[in-house]
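Colleague: Please put the model up, and then I will ask about its packing and its domains.

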Amino acid sequence: MSSPQVFWNEVENYGQTLVKWNEHLPSLPEMATRHKQFCQVINAPFAAKAVADPRNITRLQQARNAMAHLWSSLNSRLEFIIAEDLSQTCQTYEDFQKATNSHWLFTSYADMLRCEQELYTSLGMDISKMKICNIGPGAMPQTCLSLRARGADITVVDLYGPACRWCETWFSRFFPQGGWKVIETGGQNIDFSEYDLIIVASMLEGRADVLRKVNETARGYVQVRSTSGIRPKSVLLSQIPEDDIKMLEDAEYVAETKPPLTVGTYSLMYKFNRQLS
Ligand SMILES: C[S@@+](CC[C@H](N)C(=O)[O-])C[C@H]1O[C@@H](n2cnc3c(N)ncnc32)[C@H](O)[C@@H]1O
């Protein structure tokens with residue numbers, strides 16, 4: 001049976017599973033098996049058809065309201081368990097990249113990063129010469145590690161101490177020569193004027209306040225991660241509200257990434273055309 005109904009049944013089912021997992025976390029192998037089953041369904045053509053149907057907009061929003069916060073908290077917890085796991089085996093960035101590229105939780109992450117690099121190149125951005133700030137990296141900072149590996153000077157900002165400790169662990173292990181900094185605070189407390197590019201994670205608390213501070217202090221590019229209704233995986237992710245985007249009133253929309261529909265997260269790129277004294 002390969003109809004949009006299969007998609008909605010699976011969304012309903014996986015929603016109930018996420019409720020149980022947030023109450024009691026099963027073993028990693030059990031979660032891996034169940035999540036792969038879910039991804040098989042939502043990566044199928046009928047899933048894209050289901051979410052593309054305008055009659056389903058409300059149903060998609062209801063599913064997202066029920067699942068996105070469950071997935072966000074589960075995702076954060078899993079990142080710490082996986083970080084603990086991978087820290088035993090990953091001595092180099094290449095080890096880390098290989099492990100995460102084949103990991104069941106990060107299946108589409110490499111595709112997302114590839115499309116972001118294509119956007120940077122199309123905008124003439126030379127990452128190796130840029131000062132970049134990543135807000136909300138978590139315990140598995142794949143984005144900013146990949147940018148550091150391409151020569152960028154990296155600052156990560158996370159309000160959660162244990163996440164910062166893991167960032168320090170990975171950066172000091174893979175890039176002992178430096179070129180990185182970890183700041184334990186909310187993004188809303190940062191002066192962004194020194195950065196050429198600011199990357200705003202999709203799962204931020206107080207995102208509007210962070211974007212307001214970006215609008216007050218930034219001078220370069222700001223990349224905002226979000227999801228959209230055409231992406232079946234968006235049932236697990238939070239879409240940036242229009243009101244949050246309006247915070248970037250002094251910035252100009254430049255472009256966005258167009259990853260395959262199997263990727264849940266895409267990025268919107270904005271640019272400030274101002275010199276700060
Ligand atoms: C789900 S996690 C990691 C996100 C994921 N690694 C990614 O690439 O999008 C989100 C992280 O953002 C941090 N965070 C949430 N709100 C924040 C804020 N306002 N400022 C800084 N960090 C924040 C949380 O502590 C958490 O570690």
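Colleague: Which helix gives the most to the largest nonpolar core?

Modeller: This is a predicted model, where local features need pLDDT of at least 70 and side-chain atom pairs count only at pLDDT 80 or more, while totals for chains, interfaces and linings use all residues. Residues are numbered from 1 along each chain as its sequence is written, and side-chain values use heavy atoms, leaving out hydrogens and water. The largest nonpolar core (buried Ala, Val, Leu, Ile, Met, Phe, Trp, Tyr and Cys residues joined through side-chain atoms within 4.5 Å; buried means under 20% relative accessible area with a 1.4 Å probe, protein chains only) has 64 residues, and those with the most contacts inside it include Phe7, Trp170 and Leu197. Among helices (DSSP runs of H or I, at least four residues, numbered from the N terminus), the one giving the most, with 10 residues, is H4 (residues 57–86).

Colleague: How many residues are in the other core?

Modeller: The largest core draws at least three residues from each of domain 1 (3–99) and domain 2 (108–271), with bounds from an automatic or database domain assignment. Apart from this core lies another, with Val157, Ile190, Tyr195 and Tyr266 among its members; its residue count is 24.

Colleague: What area is buried between domain 1 and domain 2?

Modeller: The domain centres, taken over C-alpha atoms, are separated by 21 Å. The contact (heavy atoms within 4.5 Å) takes 32 residues from domain 1 and 32 residues from domain 2. Carbon and sulfur atoms give 73% of the buried area (accessible area, 1.4 Å probe, that two parts lose on being put together, summed over both), which is about 2500 Å².

Colleague: How many residue pairs are in polar contact between domain 1 and domain 2?

Modeller: Salt bridges (a side-chain nitrogen of Lys or Arg within 4 Å of a carboxyl oxygen of Asp or Glu) number zero between the domains. For polar contacts (N or O atoms within 3.5 Å; within protein, one able to donate a hydrogen and the other to accept it, with residues adjacent in sequence counting only if both atoms are side-chain atoms), the count of residue pairs, both at pLDDT 80 or more, is five.

Colleague: Is His35 buried or exposed?

Modeller: His35 lies in helix H2. Not counting residues up to four places away in sequence, His35 touches Tyr14, Trp71, Trp104 and Leu236. Because its relative accessibility is 2%, His35 counts as buried.

Technical notes. Buried < 20%, exposed > 50% of the residue type's maximum accessible area, 1.4 Å probe, protein only. Helix = DSSP H or I, 4+ residues; strand = E, 2+ residues; numbered from the N terminus.
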